[in-house]
Protein chains: 2
Amino acid sequence: MSRYYASNIPFINEISGHILFAGGKKIRPLLAVFSAKLCGLNTDGKVYDLALIPEYLHAASLLHDDVVDGGKLRRGKPSAYEIWGNQGTVLAGDFLYAKAIELATRFSDIRIARTIAETVELMSEGEVLQLLHAKEPNFDEKTYLDIIYRKTTALISASCKIGAVFAGGDDKEISALSDYGFYLGQAFQMIDDLLDYTADSGELGKAIGTDLAEGKLTLPLVAGLEMAAGAEKERLLLILKKKGHTKEELDWVRDLLDTTGAFRYTRQKAEGLIEAGCGILDIFKPSWERDVLKGLARFVIERRK
Amino acid sequence: MSRYYASNIPFINEISGHILFAGGKKIRPLLAVFSAKLCGLNTDGKVYDLALIPEYLHAASLLHDDVVDGGKLRRGKPSAYEIWGNQGTVLAGDFLYAKAIELATRFSDIRIARTIAETVELMSEGEVLQLLHAKEPNFDEKTYLDIIYRKTTALISASCKIGAVFAGGDDKEISALSDYGFYLGQAFQMIDDLLDYTADSGELGKAIGTDLAEGKLTLPLVAGLEMAAGAEKERLLLILKKKGHTKEELDWVRDLLDTTGAFRYTRQKAEGLIEAGCGILDIFKPSWERDVLKGLARFVIERRK
């Protein structure tokens, strides 16, 4: 992964390396490679270059996210902006975006560059929408689905799509893998939202309850507001309007989302999407590559971090 | 220009429009169009789409710059981050970068997308270098030339190059126009640096003396340090190390750069580059398009804002 990200400027490499080599699940590169394999790619080293593209974009978005959100912990380490400040972090993020897109233009099929460019556009729109909604909460499931599509899913779906395009898949195959990525991505973000309440902070590598603190629109909250009533709903709305919460308030919200069934609703929704995504792969004949992609989809809902 | 920048999200359009429609010289689109015409393009409306790409990139870099530099005035208006805050401004910049690259992938010649991607990479490196040098001043002309190449010139040269590629210019023509853009870009930034000391603030549309305040490495300073001696040099170095300057100090620096000949040196250097750039265009036979490009080069050194 260090092959291309390197800039001539050590400072950029330091920041990029901080985020790129901090662990992370590397699910996007895996999706690109196995989508390509499922579309008949035998061995071609260049697929690993292709697979770097979504990981660089993901890292770039994390850098800008941390500036925007003010998150202090990322992948179990202090966030880049805590170490290098806003300025360097914004610019290193710009560099990684550019590097990813530059990599995407190295492939002869223009659809790869185009898909990546459109994805970056969606991602930046998603972040802006999220920012706007954090200021003026609109807890509506449709809005939520729209934001996570742009912010998270577009890139996951693009990872699958570029793999399929690279391998020379036909339109039906490309479209099936894009759709599989769509379902996987939406479910991925829902589980992410769930883990923000229910995971162990040490295991997750970032602080718990930050979505609530930032007023972020997430599915457990959307569902909780729908399901709660009377005094409980009033208190939840009050807490959502506050900046900063006590540990007691966070615990209260967590209990409420648990007892109202909001966590269960979120998980079931994600499971339904994963099932749909796996079903789509049945246009391909059985193979170990197909099993891997189905397995990655299961991992998304079973992961604990 | 509003044809493509539009996002589905009004907030992004508001920020993008703030910077895109604030005036500015629009020199990059002009260079792209006239480079294409010089390479034999007759009429093709798509060249105007092409010409938007560098202007979007430029606008995106201004948005991120303002976050990084903390500039309060831009194109005669309050800077975007003064109005919308760091977060929205970073993300709207991301959107414009993405939009520009997405536009670049709409052309069938992959060299256009590749040139643009490489340019964005250089631009982000240039900003990082500038940031690093603002913290640890290294007033060396070579370093200065390297920074402005990435920060400013790469995009100006790319504007010319993509015009030539779009019009189907041959390798010699593409390379001549890239080189012309290189000379023009370097001279452009030198004059920019000069105007930061000598222009009228109202006319320039941004505050005067900000480069000094930010400890930015610019050619007048590089030359001034080379040319000053004894107590004057000592005082200049002391002022450079300070954060924030009095009006008296700024006036003193300006006088010093004037009397030592640093301003003259900067202008002569820029004029030499412009001459070289115009000379390169002589591989093309005389035409009004060639005259326009030579005229734009003259404008760069004669402009007062």
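Here is a quick look at a helix, an arginine and the pairing of two chains in a predicted model. Local features need pLDDT of at least 70, side-chain atom pairs count only at pLDDT 80 or more, and totals for chains, interfaces and linings use all residues. Residues are numbered from 1 along each chain as written, chains are lettered from A in the order written, and side-chain values use heavy atoms, with hydrogens and water left out.

**Helix α7 of chain A**

Helices here are DSSP runs of H or I with at least four residues, numbered from the N terminus.

| Feature of α7(A) | Value |
|---|---|
| Residues 141-166 | 26 residues |
| First to last C-alpha | 35 Å |
| Expected span (1.5 Å times one less than the number of residues) | 38 Å |
| Bend at T153(A) (angle between axes fitted to the seven residues ending there and the seven starting there) | about 50 degrees |

Since 20 of its 26 residues are buried (under 20% relative accessible area, 1.4 Å probe, protein chains only), α7(A) is largely enclosed by the rest of the structure. After α7(A) comes G168(A), with a positive phi near 80 degrees.

**R28 of chain B**

R28(B) sits in helix α3 (residues 27-38) of chain B. R28(B) is buried but makes no salt bridge (a Lys or Arg side-chain nitrogen within 4 Å of an Asp or Glu carboxyl oxygen). E55(B), the nearest side chain of opposite charge, is 4.6 Å away. Beyond four places in sequence, its contacts (heavy atoms within 4.5 Å) include P54(B), H58(B), L155(B) and F188(B).

**How the chains pair**

Chain B superposes on chain A by a 180 degrees rotation with 0.0 Å of shift along the axis (RMSD 0.0 Å; least squares on C-alpha atoms of residues with pLDDT of at least 70 in both). The two copies are therefore related as by a two-fold rotation axis. I110(B) has the C-alpha of chain B nearest that axis, 3.4 Å from it.

Technical notes. Helix = DSSP H or I, 4+ residues; strand = E, 2+ residues; numbered from the N terminus. Buried < 20%, exposed > 50% of the residue type's maximum accessible area, 1.4 Å probe, protein only. Lys, Arg positive; Asp, Glu negative; His and termini not counted.
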